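These are my notebook entries on one structure, kept in the order in which I looked things up.

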Amino acid sequence: MADKSLNRDTSTLDPTPWGHRWGYRDTKLFVHPDQSVEMTGERYNLCGYRMPYLIPFINNELNVTIDFSSARPETARPKLTPVNRNEAFLAALAGVLRTDQFTTDDPERLLHSHGQTTTEEVSRVLFDNLDRTVDLVVWPEGDEDCQALVTLAGEHGVCLIPYGGGTNVSSALLIPAGEDRMVVSVDTKRMNAILSIDRANLTATVQAGVQGSRLEELLAKEGLTCGHEPDSVELSTLGGWIATNASGMKKNRYGNIEDLVENITLVTPSGVIEQRYSSPRQSPGIQLQKALFGSEGNLGLITKAVIHVHPLPEVKKYGSVIFSDWQTGVAFMEALNRTGVKPASIRLVDNLQFRLGQSLKAAPTGSKVLMGKVEQIFVTKIKGFDHHTMVAATIVYEGSAEEVALQEKVVAATAKQFGGVQGGSGNGERGYMLTYAIAYIRDFLADYYIIGETYETTVPWDRIHDVCDAVERVANSEHQRLGFPGRPFTSPRVTQMYHSGVCIYFTHGLYHRGTENGEEKFAEMERTIRAAIMDAGGSISHHHGVGKLRKPFVDRVASPETVEAVKALKQAVDPKNVFGVGNNVFAR
């Protein structure tokens, strides 16, 4: 039997606690007069202390001297396009929704008109202007609201764009050029309840607007977890995970999104698409459900899903291992993967990210000074590791005491084969939690003309070094060709392992002050790097999706016949293009 529905939070018009930048408004980095950096708030383990090494690290690695006393001025009054009012639609909408469920308020319109792509969205909303803003924001609270909204939009010629956590990094929320209808952002975050829990079969029916942090909070009260932790888990939503075909940091234990969802409900202009019952696996013929993973808002509005849940793990531990260089670290990861015994999460960061992590530490005091020197002597003198080549694997173990003990034993034995040095649980936890702070660092640096972006891709085991070499080579050559000062920051990390390959997550940044049309040139460089990734054997994307940003590369993935089949599906479920967000093959 299923438990009764858990409470839904509808306490505010918009529960979003953040603005146009990434994350929460109470958390940001700032520079002290002595050039040390501090993160405000109490949310992360980087908060509340001074970091004296970050700015010297940035200046050194970018080979520039940045003036951190002079921040880039933000747009004083962002320009919004006038509301394109469809009066008949608005009158009909007022008959089915409360007045606090929709608004033309300018701040809400602007917030809902972009995601978190650096060049095309965040930089433009902070330092320039977007080309087009949505006309209306709507907050449905359940399936009935969604069905009524979709029906009215079809009747009155209105374009709907689904909005979850606003965390996408593929320009998926940008309004297509030439769209002349009234555009409505459908914010699902009030649809944030667990509708039922089936304890016997460990599944839960959950509304699609629930954010990952809230989902875990509600499940924890029941002694359960979903375990899906993308980097954006605090802010992103279940519906967004499905729409982008997301991956979580702990997929080794809990699976990717397609592994943990058993049923999806999609409201379309042609009706409701869903399986009539949930099942762990079946063979009913062609399953339209599978087409909803990665649908990117093109087909309809995801309203709820049946997902797997698990008892909270008996044990959760962190760990870390240091290796002499990137090649050795990659070899360790492949060997560990072949054992079949993997921690919930294990990620390999290259030397540049390893040293970035070190630059975020506080200045040591007291006994920590001595311990730091002892550790450094052991690693560099006794083990012979070079501080400018060593890499680190950060690890999360979850499960029963027996499972975790086995995982630790296998990791230690495998690491020993490759000369690995145990780095301790503290460094492991710090490395894992650093994931949540990276985007704040991006936004902090953007204020000082440093632009950064990430490229994630799936790569076969035997092409890892080819792809990494290609990214470094092209980033350096394009940096020079386009006339940027200093040198680029390009750094890979292996975040997921599979039978035949891995996910590599590249971080790329540079200083562009004084470069004419620097952001446009950076966007050009980004496209060139993506092409180089695919030329060397990488995929178009591992978990961020295509959106509009990667549309130029779709023909390298899908045959013309495949594209036409997808378009035929769209025509069947949405013949009037009500969901006109125009992502993936539908991008103009």
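How many disulfides does the structure hold? I note at the outset that this is a predicted model, and in it I find 0 disulfides.

I then looked up individual cysteines, starting with C146, which is in no disulfide: the nearest cysteine sulfur is that of C159, and I find it 16 Å away. Since a pair of sulfur atoms has to lie within 2.5 Å to be counted as a disulfide, the 16 Å to the sulfur of C159 leaves C146 unpaired. Is C146 buried or exposed? I enter C146 as buried, because its relative accessibility is 0%.

C503 was the next cysteine I checked, and C503 too is in no disulfide, the nearest cysteine sulfur being that of C468 at 11 Å. For C503 I also have a relative accessible area of 0%, so I record this residue as buried.

My next entry concerns L54, which I place in helix 1, a helix that covers residues 54–62. L54 has a relative accessible area of 1%, and because buried means under 20%, I list L54 as buried. Which residues is L54 in contact with, once its neighbours within four places in sequence are left aside? I find L29, V37, L356, S359, L360 and F444 in contact with L54. I also looked up the pair L54 and Q35, which are 19 residues apart in sequence, and I have their C-alpha atoms 8.9 Å apart in space.

I then turned to the chain as a whole, where I count 18 helices and 21 strands. The radius of gyration comes out at 24 Å, close to the 25 Å that the globule rule gives for 588 residues, so I describe the protein chain as being as compact as a globular protein of that length. Taken along the principal axes, the box filled by the C-alpha atoms is roughly 75 × 60 × 50 Å.

What share of the 588 residues is buried? I have 59% of them as buried. For contacts between residues at least 6 apart in sequence, I note that 77% join residues at least 24 apart.

My last entries are on surface and charge. The accessible surface of the protein chain is about 24,400 Å², and I attribute 52% of this area to carbon and sulfur atoms. I count 60 positive and 70 negative side chains in the protein chain, and I find the centres of these two sets 2 Å apart.

Methods. Residues numbered from 1 in each chain as written. Predicted model: local features only at pLDDT ≥ 70, side-chain atom pairs only at ≥ 80, totals over all residues. Heavy atoms only, no water. Buried < 20%, exposed > 50% of the residue type's maximum accessible area, 1.4 Å probe, protein only. Helix = DSSP H or I, 4+ residues; strand = E, 2+ residues; numbered from the N terminus. Contact = heavy atoms within 4.5 Å. Rg over C-alpha atoms; globule rule 2.2 N^0.38 Å. Areas by Shrake-Rupley, 256 points an atom, 1.4 Å probe, with all protein chains shown as cover. Lys, Arg positive; Asp, Glu negative; His and termini not counted. Charge placed at Lys NZ, Arg CZ, Asp CG, Glu CD.
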